[in-house]
Structures are given as C-alpha cells and as structure tokens.
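Me: I've just opened this one and want to get my bearings before doing anything else. Please talk me through it.

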Amino acid sequence: MVGVADGATRKSWDTGPDGAALAEAIAGHLAGIARTCPAREVVDSATEVVEKLLAADGVAAGSGSAVSFCVLHTGRQEVWRVGEARLMLDGEPVRPRRSGERIVAEARALVLRHRLAAGAAVADLCAEDPGRAAVQELLKALTGLRNHQDDPAGFGALDGRPVPDRFVEVIPLPRGTREVVITTDGYPEPAPTLAEAERLLAERLARDPLMIDPPETKGLRPAANSFDDRAYVRLGRVTPA
C-alpha cells in the first residue's frame, strides 16, 4: 500500500495533536495494513487510531484536528481516498468529490480582491491575510460539517468519528493502467512527474501568491516556499496488461 496522508492545518479552536502528528500516525498505520483488508475496514481502524490519539490528550472525537489520505492498494488493484488528495490515472485527473471548502475559498478570494481593488499591495496581503481572517467563522462551520452524512457541503476526514460510506472513495484501477500519481492538495493540480508538478506550482505561486485564481483557503506566507505542505507519489506498471 503506497500513498499520502495529509493532516489538516491547525485552526485556533483545534485542541490535541496537530494534523502533522495525526498524518504521521496514520501513515504508519496504513503501512502495516494486511493485504486482504477492504477499504471500509481500513478507514474504521484508522479512525480508531485518531480517536485514541485525541483521547490521550483529553480531546473528544471530532473536536480536534483531522487527517485525510489517498493510497494505492496494489493487491486489490484499487485506490482509496478520503478527503482532498489529487489523483491521476495514466495522466487523467480523478477529481475528489466536492465539498464546502470551495465556498470558503471563494469568500476569502472576494475579500482579497476587494483589498486589491482598493490599492493594497500583494506583499502586504500575503503577510497579513485579511481574507483568511474574514473566513474564520466559515472555516469553523465547515469543520462542523466534517463527516456529516446528509449535508451537501459535508466532507470526509479521519477525526475520530465514523466516516460515512459516501466519503470513502474506492476507485478500481482499469485493467492495463500503467501509472498512478497521488499527491496532497498542496499541489493545486496533479502532474505526470514531480518536476512538472513543482514547475506548475512555482508558476502559479509567481503569478498568484495570494492563491485566489482559482481560489484556495490560504495563500503564500512570507518566508514560505509554498502555500501548503505537499507530498507526491508516482507508481508505474500497477496492473496487468
């Protein structure tokens, strides 16, 4: 099993372990999964890992940070995804399901576009992001919809609570698939090679350091080399011809 685990950016209201700690724990857990385990069983066992880590810090399930993941299970010839990871099969993107995050990103972009129109400098807006500040309540509302089965803005992540089936993507690999690329959403768009992914990201950051076209929920901060952390995995010859 090979893939990525991505911890959520810590919010002011989060308590307990941060997303990076949860991602590290889940990556280790997924690496030890038996080859015969189905996706549903793996998501449930990973949820228990997160629940125990939160409980050890006195945090109730769903009240702390969270982690998403996307992995290729070579034995079952399936890709499993919970969350916003990027996926390409033979150069064709497989988009994640929509969530309310796009609403938050567009609201942040609206605030920043207004500031730009009023004459604010891009560098100043990167240093003190008024768009990010303006959408804090929206981010909190979105977090409250995590793993909610029925809401159209809901989304899935491992936060110690059960992940509904609708948020557990199981993507069978078509016979003859030659290459699988999996990345975190720190790459706004997937690419067939790491070099190409890095080139596209660098061009985007140079053109749009605020990350508002198309919009993201955060932008490039001073002294940072990107707007979000990132990981990239490419695997070839993954299915029989």
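Reply: Happy to. First, a word on the names I'll use: helices and strands are DSSP runs numbered from the N terminus, with at least four residues for a helix (H or I) and at least two for a strand (E). Also, this is a predicted model.

Me: Good to know. What does the pLDDT of the protein chain average?

Reply: The average is 94, and 98% of the residues score at least 70.

Me: And which elements have the lowest and highest mean pLDDT?

Reply: α6 has the lowest, at 93, while helix α4 (residues 122–127) has the highest, at 98.

Me: On to pockets. How much space lies in the largest pocket?

Reply: About 1000 Å³. Its lining counts 50 residues, and those nearest the centre are E84, R86, E101, D185 and E216.

Me: How do the residues of that lining divide into nonpolar, polar and charged?

Reply: There are 20 nonpolar, 10 polar and 20 charged residues.

Me: Which elements each supply at least two residues of it?

Reply: Two strands, β1 (2–7) and β2 (67–73), and three helices, α3 (101–117), α6 (136–144) and α7 (194–207).

Me: What volume does the second largest pocket have?

Reply: About 180 Å³. The residues that line this pocket are A5, D6, G7, A8, T9, R10, G19, A20, A23, D228 and D229. Two or more of them come from β1, and two or more from α1 (19–31). By class, that lining has four nonpolar, three polar and four charged residues.

Me: Let's turn to enclosed space. How many cavities of 30 Å³ or more does the structure hold?

Reply: Two. The largest cavity has a volume of about 70 Å³, and the second largest offers about 40 Å³.

Me: Which residues line the largest cavity?

Reply: G83, E84, R97, R98, S99, G154, F155, G156, F167 and E169. Two of the lining residues are nonpolar, four are polar and four are charged.

Me: And what is the second largest cavity lined by?

Reply: R86, L87, P93, V94, R95, P96 and P190. Five residues of this lining are nonpolar and two are charged, with no polar ones. You may recognise R86 from the list nearest the centre of the largest pocket.

Me: R86 again, then. What is its bridge partner in β7?

Reply: T183. The strands there are β4 (residues 86–89) and β7, which run antiparallel and are joined by four bridges.

Me: What order does the open sheet of four strands have?

Reply: The order is β5-β4-β7-β8, with antiparallel pairing. β5 (92–93) and β8 (232–236) are the edge strands, each pairing on one side only.

Me: Over how many bridges do β7 and β8 pair?

Reply: Strand β7 (residues 179–183) pairs with β8 over five bridges, in the antiparallel sense. I182 has V233 as its bridge partner in β8, and T183 stands opposite Y232 in that strand.

Me: Why is β7 largely enclosed by the rest of the structure?

Reply: Because four of the five residues of β7 are buried. The cut-off for buried is under 20% relative accessible area.

Me: Speaking of buried, which residues have the most contacts inside the largest nonpolar core?

Reply: I26, V43, V50, V67, F69, L158 and V163, in a core of 22 residues. At least two residues of this core come from each of α1, α2 (39–56), β2 and β3 (78–82). α2 gives the most, with six residues. As background, nonpolar side chains in soluble globular proteins tend to be buried together.

Me: Last topic, the backbone. Which peptide bond is cis?

Reply: The one from D213 to P214, with omega near -5°. P214 sits in the loop between α7 and β8.

Me: And what about phi for M211?

Reply: M211 has a positive phi of about 55°, although it is not a glycine. The place of M211 is also the loop between α7 and β8, and this residue is buried, with a relative accessible area of 0%.

Me: And where is D90?

Reply: In the loop between β4 and β5. D90 has a positive phi of about 50° and is not a glycine either. At 29% relative accessibility, D90 counts as partly exposed.

Methods: Residues numbered from 1 in each chain as written. Predicted model: local features only at pLDDT ≥ 70, side-chain atom pairs only at ≥ 80, totals over all residues. Heavy atoms only, no water. 1 Å grid on protein atoms, 1.4 Å probe; cavity = no way out; pocket = protein on both sides within 12 Å on 5 of 7 lines; lining within 4 Å. Points joined across faces, edges and corners; volume = space filled by probe spheres on them. Nonpolar A, V, L, I, M, F, W, Y, C, P; charged D, E, K, R; others polar. Pairing = 2+ DSSP bridges. pLDDT = per-residue confidence, 0-100. Buried < 20%, exposed > 50% of the residue type's maximum accessible area, 1.4 Å probe, protein only. Core = buried A, V, L, I, M, F, W, Y, C linked by side-chain atoms within 4.5 Å.
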